[in-house]
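Open the model in a viewer with side chains switched on. The stops below are meant to be taken in order.

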Amino acid sequence: MEREKIKLIVEALLFTSHEPLSEKRLAEVLEGIDKKSLRNTLEELRREYQEKENLEIREVAGGYQIFTRQDYAPWIEKLHRTRPTRLSRAALETLAMVAYNQPVIRVEIESVRGVDTSGVLHTLLEKNLIKILGRKKVIGRPLLYGVTDDFLKYFGLKDINELPSLKEIRELVPEKEETDEEVKESEEEN
Amino acid sequence: MAYHVKLEAYEGPLDLLLYLIKKEEVDIWDIPIAQIAGEYLGYINMMKLLDLDVIGEFLVMASTLMKIKSRMLLPQEEEAIEEEIEDPRSELIEQLLEYEMYKERAKTLAEKEEAQSKLFARPEAEIPSSQPTFEASLFDLLTAFRNVLKEKAPEIVREIEPFKITLEEKVEEILKRLESKEKISFSLLFKECLSKGELIVTFLALLELIKQKRVRIRQPKLFGEIAVYRAPA
């Protein structure tokens with residue numbers, strides 16, 4: 001298949017898809033395409049979309065998806081009559097704990113947050129932002145939590161490693177002094 | 001009736017402590033415990049006064065603060081000075097720092113949430129082929145027709161009448177009905193038939209139309225009701 005044709009097909013596939021399309025899935029549809037030319041095609045397409053004012057192709061949750069750009073949000077919200085909802089602070093703090101420490105048990109989250117977290121965990125499970133990974137092999141066999149693909153989609157992350165490290169956060173929030181120990185800790189996390 | 005207000009600003013005792021440390025502009029590594037504990041208790045009393053739901057966790061922290069305060073007031077024993085004495089505050093400081101770290105992480109998540117919420121992707125599209133319908137077979141049609149015949153109580157008709165309606169007329173009639181409606185259910189098509197003869201003509205007309213690809217028959221689920229659709233032009 002010629003290069004230009006592949007690109008048009010990939011674009012059409014992305015256009016119709018309501019979830020991120022992985023390279024694997026695209027390769028399945030475009031039978032027999034080799035990895036390298038698929039990746040080149042995707043790169044080319046992404047570059048083309050960078051020229052566009054209103055749309056872009058983003059890598060989210062291990063796949064590619066076409067998104068409208070930020071400036072167009074007001075019109076889209078008006079069309080669909082939606083107001084974006086926001087997670088509560090408690091939910092965000094709990095999610096941060098799960099995302100950075102998974103697999104993690106409830107007691108660990110509560111020891112950091114200092115408050116009961118069972119209600120929040122329940123809500124996050126319902127929203128499918130976290131999932132139960134199994135049980136920890138300690139007394140009481142508590143449930144282990146981890147984040148889901150929907151978590152990555154919700155925050156627009158390519159994968160879990162895209163979460164900023166503590167060091168990067170500190171750079172954004174410069175008021176804190178960093179001790180040597182903490183630097184080491186954040187490096188270990190990366 | 002009591003009001004129950006959840007203080008969104010202070011999610012928990014650690015949050016309140018961090019707030020007080022910032023507000024009083026004190027060093028987190030050298031917290032003036034007496035001062036901060038006093039402030040903290042002041043807030044708890046205020047929360048009680050306002051009949052806010054002062055939960056246990058706030059009280060636990062209050063007692064921790066009092067414990068640290070009392071330990072710091074005690075004179076240190078002489079020989080202990082030689083050794084490395086652990087600051088009674090260190091455990092609390094550690095906890096505060098860790099919590100603060102996650103607060104910052106939660107903040108960056110909130111920023112990402114905000115940014116992502118302004119980007120829209122295609123919602124789940126209605127791709128026609130994904131409709132769960134089966135192409136009904138001739139046998140499905142025959143089965144459905146047999147059911148129709150069964151439902152029509154066997155009338156005892158002794159007169160022999162010529163067919164009043166011809167195949168062509170029935171074909172036209174079905175097509176006409178499909179003009180105004182997207183689909184007709186199979187059983188409805190036969191409901192208005194007056195005689196067994198007309199039932200048969202209707203069925204033959206349907207088969208004819210299928211052969212000519214002027215109508216389509218679909219079944220939303222296996223062995224379900226068959227619907228007759230107008231074939232796309």
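**Stop 1: a pair within one helix**

Select A:Glu28, which has a relative accessibility of 44% and so counts as partly exposed. The model is a predicted one. Add A:Arg25 to the selection: the two side chains form a salt bridge, with 2.8 Å between the closest N and O atoms. A:Arg25 is also partly exposed, at 43% relative accessibility. Both residues belong to helix α2 of chain A, and because they are three residues apart there, about one helical turn separates them.

**Stop 2: from α2 to α3**

Stay in chain A and select A:Glu23 together with A:Arg39. Their side chains meet in a salt bridge, 2.8 Å from N to O. A:Glu23 lies in helix α2 (residues 23-29) and A:Arg39 in helix α3 (residues 35-51), so this pair ties together parts of chain A that are 16 residues apart in sequence. Which of the two is buried, and which is partly exposed? A:Glu23 has a relative accessible area of 19%, which is under the 20% limit and therefore makes this residue buried. A:Arg39, at 46% relative accessibility, is partly exposed.

**Stop 3: strand to loop**

Next, select A:Arg69 and A:Glu56. Here the closest N and O atoms of the salt bridge are 3.7 Å apart. A:Glu56 sits in strand β1 (residues 55-60) of chain A, while A:Arg69 is in the loop between β2 (63-68) and α4 (73-80); the pair links distant parts of the chain, 13 residues apart.

**Stop 4: a network**

Select A:Arg3, A:Glu4, A:Lys7, A:Glu44 and A:Glu48 as one group. Salt bridges link these residues in a network. Over all chains, the count of salt bridges comes to 27.

**Stop 5: where chain B meets chain A**

Colour the two chains separately and select the residues in contact. The selection should hold 52 residues from chain A and 37 residues from chain B. Between them the chains bury about 4000 Å², with 60% of this area on carbon and sulfur atoms. On the chain B side, pick out B:Arg105, B:Glu113 and B:Phe120, which supply 18% of the area that chain B buries against chain A, more than any other three residues.

How many salt bridges cross the interface of chain B and chain A? The rule finds two. To see a bridge between the chains, select A:Arg89 and B:Asp15, whose closest N and O atoms are 2.5 Å apart. Polar contacts across the interface number 11 residue pairs, with both residues at pLDDT 80 or more.

Now show chain B by secondary structure. The elements giving two or more residues to the side that touches chain A are α1 (13-23) and α5 (90-116) of chain B. Of these, α5(B) gives the most, with 17 residues. Coloured by class, this side of chain B shows 16 nonpolar, five polar and 16 charged residues.

**Stop 6: inside chain B**

Finish at B:Thr202, found in helix α9 (residues 196-211) of chain B. Its relative accessibility is 0%, so B:Thr202 counts as buried. Leaving out residues up to four places away in sequence, B:Thr202 touches B:Lys170, B:Ile174, B:Leu189, B:Phe190 and B:Cys193. For a distance to check in the viewer, take the C-alpha atoms of B:Thr202 and B:Ile174: the separation is 8.5 Å, and the two residues are 28 residues apart along the chain.

How values were computed
Residues numbered from 1 in each chain as written. Chains lettered and ligands numbered in written order. Predicted model: local features only at pLDDT ≥ 70, side-chain atom pairs only at ≥ 80, totals over all residues. Heavy atoms only, no water. Contact = heavy atoms within 4.5 Å. Buried area = accessible area lost by both parts, 1.4 Å probe. Salt bridge = Lys/Arg side-chain N within 4 Å of Asp/Glu carboxyl O. Polar contact = N/O pair within 3.5 Å; in protein donor to acceptor, adjacent residues only side chain to side chain. Helix = DSSP H or I, 4+ residues; strand = E, 2+ residues; numbered from the N terminus. Nonpolar A, V, L, I, M, F, W, Y, C, P; charged D, E, K, R; others polar. Buried < 20%, exposed > 50% of the residue type's maximum accessible area, 1.4 Å probe, protein only.
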